[in-house]
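Biologist: I am new to this structure and would like a close look at one part of it, rather than a tour of everything. Please choose a single stretch, go through its residues with care, and then show me what it leads to.

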Amino acid sequence: MHQLIKKVLVTEEQIIARSKELAKQITNDYAGKEAPLFVALLKGSVPFLAELVKHVEMDIEFDFMDVSSYEGTESIGDIKILKDLDRSIKGLDIILVEDIVDTGRTLTTVKQTLLNKGANSVKIVTLLDKPDRRVVEIKAEYTGFEIENEFVVGFGLDYNQKFRNLPYIGVLKDECYR
Ligand code: XMP
Ligand code: MG
């Protein structure tokens with residue numbers, strides 16, 4: 001374990017097993033339909049996207065958006081599009097891939113943006129959910145793990161851009177925040 005990690009909340013094995021389950025659900029839900037476009041939010045959702053799509057049994061494509069949301073551990077309510085999609089999504093079914101749903105502001109805004117661009121539908125898949133922190137009512141169709149209200153890093157999640165490459169979800173030691 002990394003020397004700055006206090007505890008592991010979700011292990012790599014649990015993440016892989018749960019990603020397989022979610023991929024199976026998604027595969028079943030879209031059976032007989034046009035394959036959805038996976039839209040992942042940079043940068044936190046990249047490891048989860050990579051794990052998830054390996055187990056999806058459809059000929060899917062994926063694309064990326066980057067929106068500003070967090071500095072350190074505090075939310076900035078306002079969201080800006082830093083990188084937009086490469087292609088038109090008119091008429092497409094979208095699966096929006098996120099690392100964590102916290103206040104719900106980011107996903108609510110991004111989902112509405114995708115619908116405004118003409119998406120036929122937008123469903124959300126998130127690795128983590130912190131339901132206690134919700135400010136805007138939004139529920140992911142596919143959730144990996146619900147966690148307590150605690151700041152976490154790893155598997156894409158960062159503290160000041162570090163720790164994204166940890167293969168598990170963990171909590172940093174208090175000394176990191178001093
Ligand atoms: P909202 O509040 O809009 O924010 O749902 C979602 C975004 O907030 C970030 N976030 C975290 N990042 N550890 C992180 O590294 C956390 O515990 C955490 N909680 C929220 C994250 O970028 C997510 O996309
Ligand atoms: Mg994020």
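**A loop, the ligand and the core**

Modeller: Q161 lies in the loop between β9 and β10, and this loop is the part I would like to follow, bearing in mind throughout that the model is a predicted one. The two strands that bracket the loop are β9, covering residues 142-146, and β10, covering residues 169-172. At Q161 the backbone has a positive phi of about 75°, although the residue is not a glycine. Is Q161 buried, partly exposed or exposed? Its relative accessible area is 46%, and because partly exposed covers the range between 20% and 50%, Q161 is placed in that class.

The backbone of Q161 leads directly to another residue of the loop, since the backbone nitrogen of Q161 lies 2.8 Å from a polar atom of the side chain of D158. D158 is itself in the loop between β9 and β10, and its side chain also makes a polar contact, at 3.4 Å, with the side chain of R164. If residues up to four places away in sequence are set aside, D158 touches F151, V153 and R164.

A further residue with an unusual backbone angle for this discussion is F155, which is found in the loop between β9 and β10. Phi of F155 is near 45°, a positive value in a residue other than glycine. With 8% relative accessibility F155 counts as buried, because that value is under 20%.

From D158 the path leads to ligand 1. There are 16 residues around the ligand, and those that come nearest are T103, G104, T106, V152 and D158. Which atoms of the protein approach the polar atoms of the ligand? A nitrogen atom of ligand 1 is 2.7 Å from a polar backbone atom of V152, while an oxygen atom of the ligand is 2.9 Å from a polar backbone atom of D102, and an oxygen atom of the ligand is 3.1 Å from an N or O atom in the side chain of D99. Taken alone, ligand 1 exposes 500 Å², and the protein buries 94% of that area. By type, the residues of the shell divide into six nonpolar, three polar and seven charged. Both β7 (93-101) and α3 (105-116) supply at least two residues of this shell, and β7 gives the largest share, with four residues.

Where the loop ends, β10 begins at residue 169, and I169 takes the account into the interior. Leaving out residues up to four places away in sequence, I169 touches V8, L9, V10, I15, L127, L128, V152, V153, G154, F155 and L157. F155, the buried residue with the positive phi, is thus one of the residues touched by I169, and so is V152, whose backbone approaches a nitrogen atom of the ligand.

I169 also belongs to the largest nonpolar core, which has 29 residues and in which I26, F38, V125, L128 and I169 have the most contacts. The elements that give two or more residues to this core are α1 (12-29), β2 (37-42), α2 (46-53), β7, β8 (121-129), β9 and β10. A second, separate core has 20 residues, including L41, V67, I94 and A119.

L128, touched by I169, is found in strand β8. At 0% relative accessibility L128 counts as buried, because the value is under 20%. Apart from neighbours within four places in sequence, L128 is in contact with V10, D99, I100, V101, F145, I147, V152, L157 and I169. This list includes D99 and V152, and each of these has a polar atom listed above beside ligand 1: a side-chain atom in D99 and a backbone atom in V152. The C-alpha atoms of L128 and V101 are 6.5 Å apart in space, although the two residues are 27 apart in sequence.

To draw the route together: Q161 connects through its backbone nitrogen to the side chain of D158, D158 is among the residues nearest to ligand 1, and I169, at the far end of the loop in β10, is in contact with L128, a residue with many contacts inside the core according to the list of those with the most.

Methods: Residues are numbered from 1 along each chain as its sequence is written. Chains are lettered from A and ligands numbered from 1 in the order in which they are written. This is a predicted model: local features need pLDDT of at least 70, side-chain atom pairs count only at pLDDT 80 or more; totals for chains, interfaces and linings use all residues. Side-chain values use heavy atoms; hydrogens and water are left out. A polar contact is a pair of N or O atoms within 3.5 Å; within protein, one must be able to donate a hydrogen and the other to accept it, and residues adjacent in sequence count only if both atoms are side-chain atoms. Contact means heavy atoms within 4.5 Å. A residue is near a molecule or strand if one of its heavy atoms lies within 4 Å of it. Accessible areas come from the Shrake-Rupley method with a 1.4 Å probe; for residues, only the protein chains shown count as cover. Ala, Val, Leu, Ile, Met, Phe, Trp, Tyr, Cys and Pro count as nonpolar, Asp, Glu, Lys and Arg as charged, and the others, Gly among them, as polar. A nonpolar core is a set of buried Ala, Val, Leu, Ile, Met, Phe, Trp, Tyr and Cys residues joined through side-chain atoms within 4.5 Å. Buried means under 20% relative accessible area, exposed over 50%, partly exposed in between (1.4 Å probe, protein chains only).
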